[in-house]
Amino acid sequence: MTATGLAATLLEVRQLGKRFAQRQGRDRGRNEGREPSPWVIQDLSFSVRAGEFLTIVGPSGAGKSTLLNIIAQTDTASAGEIVFDGTTISSRDPRALKPGIDRRIGYVTQDDNLLPWRSTLDNVLFALEVQGRLNDETRAHAETLIRTVGLAGFEHYYPHELSGGMRKRTSLIRTLVYDPPVILMDEPFAAVDAQTRTQLQADLLTLWELGRKTIIFVTHDITEAIALGDRALVLSKQPTRIAAEHMIPIPRPRNVKDLFALQGFAAVYERIRADVQ
Amino acid sequence: MISPAIRSSAIATALFRWRTLLDRVLVLVLIVALWQGGSMWFGAYWLSSPWATTTRFVEQILNGELLRHAGYTLAEASAGALIGGLPAVLLPFWLRRHPIVVAILDPFMIGGYGAPKLAFAPLFLLWFGVGMESKIALTASVVFFIVYFATLAGVRTLDPRLVQMAQIAGASERQIARHIVMPAAVPNIFAGFRIAVPYAIGAAVIAELISSNRGLGYLVQTGAMNFDTTSVFAAIVAATLLVHAANLLMNTLEALLMRWRPPLQSMMET
Amino acid sequence: MTDATLETAAEVSAASRKWAIYGGRLLLAAAIILAWEYEARTLGPLFFAPPLDVLERIGTLAMSGQMLTDIAATMRVSAAGFAIAALCGVLLPFLLRRSLRATEAIEPYIMASMGIPKYALAPWLILWFGIGDLPKLIVVTLVVFYILYITTFAGIRGVDQRLINMARVIGASERVIAREIIWTSLLPFFFTGLKIAFPRAVSATIVGEFLVSTEGVGRSIEHARQISDTTGVFAGVVIAIALVLTINGIVNLVERWALRWRPVERDMQI
């Protein structure tokens, strides 16, 4: 039984298409006909419900990150549209982009993108500072988050003094701290060792259970997709579209450290693996 | 040589350090001895002597004269560093969103950087006279180009993903400039000033040598005109100490401000 | 709007961007010359010589051969100073490399002496050698020496220690190591250092001529200033800048020619 119930559709991707303008090698300055690349994403559609934890699986390649970039409004759509909370947010025109849609879409990227000159705590507080929401209450919230992911005591360390896993956690909570309704995550745990990864997954679920934000989580790891998500979408090879959709009927709360003991895990795994081939 | 019987590497390192210290003291003694020897051979007129220079130096510090003139030189260099440095830092920031203007300015800036500013010294002296203003103008022109290119490099090598991250978090253009672009550029700006400040002091002294009524360069020139080698040397020593003090200051500031930087720096910086 | 339309729009603006940049540069240059002319009219001939007068004077100097004499004198001293400095500045690091002990002992003194404003030695050198080529030569040599010493040292230190260790294991002698590994790794640094140093030698000579006024481009400038011949000062400064920029350009061309035959050489940017 899934945990989302019948919530409203929050985000809808309709027949999304994307291709890049390609420069032909040597004659960069000349106005020779620049062929657009073949369609990287084509006719991709899916929707996301409020409070849902959606995972997206697919092989490593341009498709997944590009999709998230378009949703987060850091890149344009070449065809189709994205509707968020009733309004069309996607755009063809790079100048009309509004990254983050007024802070309603958070984005945890693959690289941690921490500001190297700020301490852990200051990095977490950054978004609050910028949004003018820094006060005793929000600061306490930030400190709680730091403790929850096990970074207590490292508040005043600089990023270069932290391990990869710790930087990841900081990157995670600095988006969570300002509570955007939707959070995109682009293979955030890919660059981390297996043990740390399991711990981070557990931490993520713990934090998510507290607030039940809408999360779109992209990964190439099927196990991760099943462990975390309510629903998993499988992407095809390029031109990328949705190849399959699988509900994940594993009850919550889930113990990610002992996945194969989870009821129904193996069955879902087999189904998804078959589709990824 | 260190005896192979000593096994502890800690002792070996300590011994090495002591030996280095001893070597350095020996070299110093050698230099002073050569100086003294030369002074006795050629005469104090030509070479002064270690003792005479030292006593004169201390004397001129105590009677305040050296400090006063050093103060003038320092003031000229500092004022020039500020007047030249401030616009040099601000310009790349203002122009960050107008790359066309930067491109237009480029050949002029490169020309200004390549042209020897010190060659302009007579021109500045002509315009501003013999007082401090001409030295400040010269120093400012020297500092400006160095810091401009350093800042430009810092602003250009900004990681665009950090900007994007800030945008997603909801930062305005101004907040991005303040919280992302500025801190990212500070190491480069600092490197620019590190090079420029000692240069500025040198430039001030040179302008004073050509024509001046105060400052350390003036002391050197008057000393020479009076055939007073000891004065000349005392003033040169003072100028050298000033340059080294400036270097020390910049290094300390850097260590303080740059604690957040990862330890491995490339050799090609500065 | 489809992607194709957006792309062509981008192409068009790229072309017009180029025109904007070149146009902007021309406008800026014209504005500077106009401002120059304006200042000459308002501030008077003492401060600003009118551009046309300056051009005329340059022509006169060229015709009378005076310009050539000056340039020859300056280049003579620059080349000599550069050659000596290059020899010492490159050789010394190699020699010091042999003995870590010597390096450790001497290096602090070399660093300390680097802070001495070299031009400040000019008056004292005049006491020794009178007004002539020698004081200038010594100052220029010192200025260039430090540049090359530092670059060479940095280059040697930057050589991959693992290659050296490998060579030692094979049993190569120190001389072979110096020749094969260090010299070859050093080559790009070396050329960059020389590239920087030669124009510096020329500008250092010009500045030296301000202080030791016998002949040369710098001497003409300073002499003109002393008799308040503003046109002369302007003309001299223009010639000086043109000289240094030309030397810069020639050195760049030589480098490109040299690198053309050795495509493997990497161009190190210092």
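This is a short walk through a predicted model, from the confidence in chain A to a sheet in that chain and then to two contacts between chains.

Let's start with how far chain A can be trusted. Its mean pLDDT is 83, and 92% of its residues reach at least 70. If you look at the individual elements of chain A, strand β8 (residues 214-219) has the highest mean pLDDT, at 93, while helix α7 (residues 265-276) has the lowest, at 79. One stretch calls for care as you read the model: residues 24-32 of chain A have a pLDDT below 50. Beyond near neighbours in sequence, that stretch has six contacts in the model.

Now turn to the sheet that includes β8 of chain A. Here six strands of chain A make up an open sheet, and you can follow them in the order β6-β7-β8-β3-β9-β10. The pairing in this sheet is mixed. At its edges stand β6 and β10 (242-247) of chain A; each has a single partner strand, so one side of each is left without a neighbour in the sheet. From one strand to its neighbour, the average turn is 15°, with direction ignored.

To see one of these pairings in detail, go to the β10 end of the sheet. Strand β9 (residues 231-235) of chain A runs antiparallel to β10(A), and five bridges join the pair. If you would like a particular residue to look for, try A:Val234, whose bridge partner in β10(A) is A:Ala244.

The other edge strand, β6(A), takes us to the contact between chains A and B. In this contact, chain A contributes 19 residues and chain B contributes 16 residues. On the chain A side, the elements that give two or more residues are β6 (105-108) and α2 (120-131). Of the elements there, α2(A) gives the most, with four residues. Sorted by class, this side of chain A has 10 nonpolar, six polar and three charged residues.

Chain B also touches chain C. This contact draws 43 residues from chain C and 41 residues from chain B. On the chain C side, at least two residues each come from α1 (3-43), α4 (100-114), α5 (122-129), α8 (174-211), α9 (217-226) and α10 (230-260). The largest share belongs to α10(C), which supplies eight residues. As for the classes, the side of chain C that touches chain B has 31 nonpolar, six polar and six charged residues.

Technical notes:
Residues numbered from 1 in each chain as written. Chains lettered and ligands numbered in written order. Predicted model: local features only at pLDDT ≥ 70, side-chain atom pairs only at ≥ 80, totals over all residues. Contact = placed C-beta atoms within 7 Å. Nonpolar A, V, L, I, M, F, W, Y, C, P; charged D, E, K, R; others polar. Pairing = 2+ DSSP bridges. Axes fitted to C-alpha atoms, helices over the stretch in contact; angles between N-to-C directions. pLDDT = per-residue confidence, 0-100.
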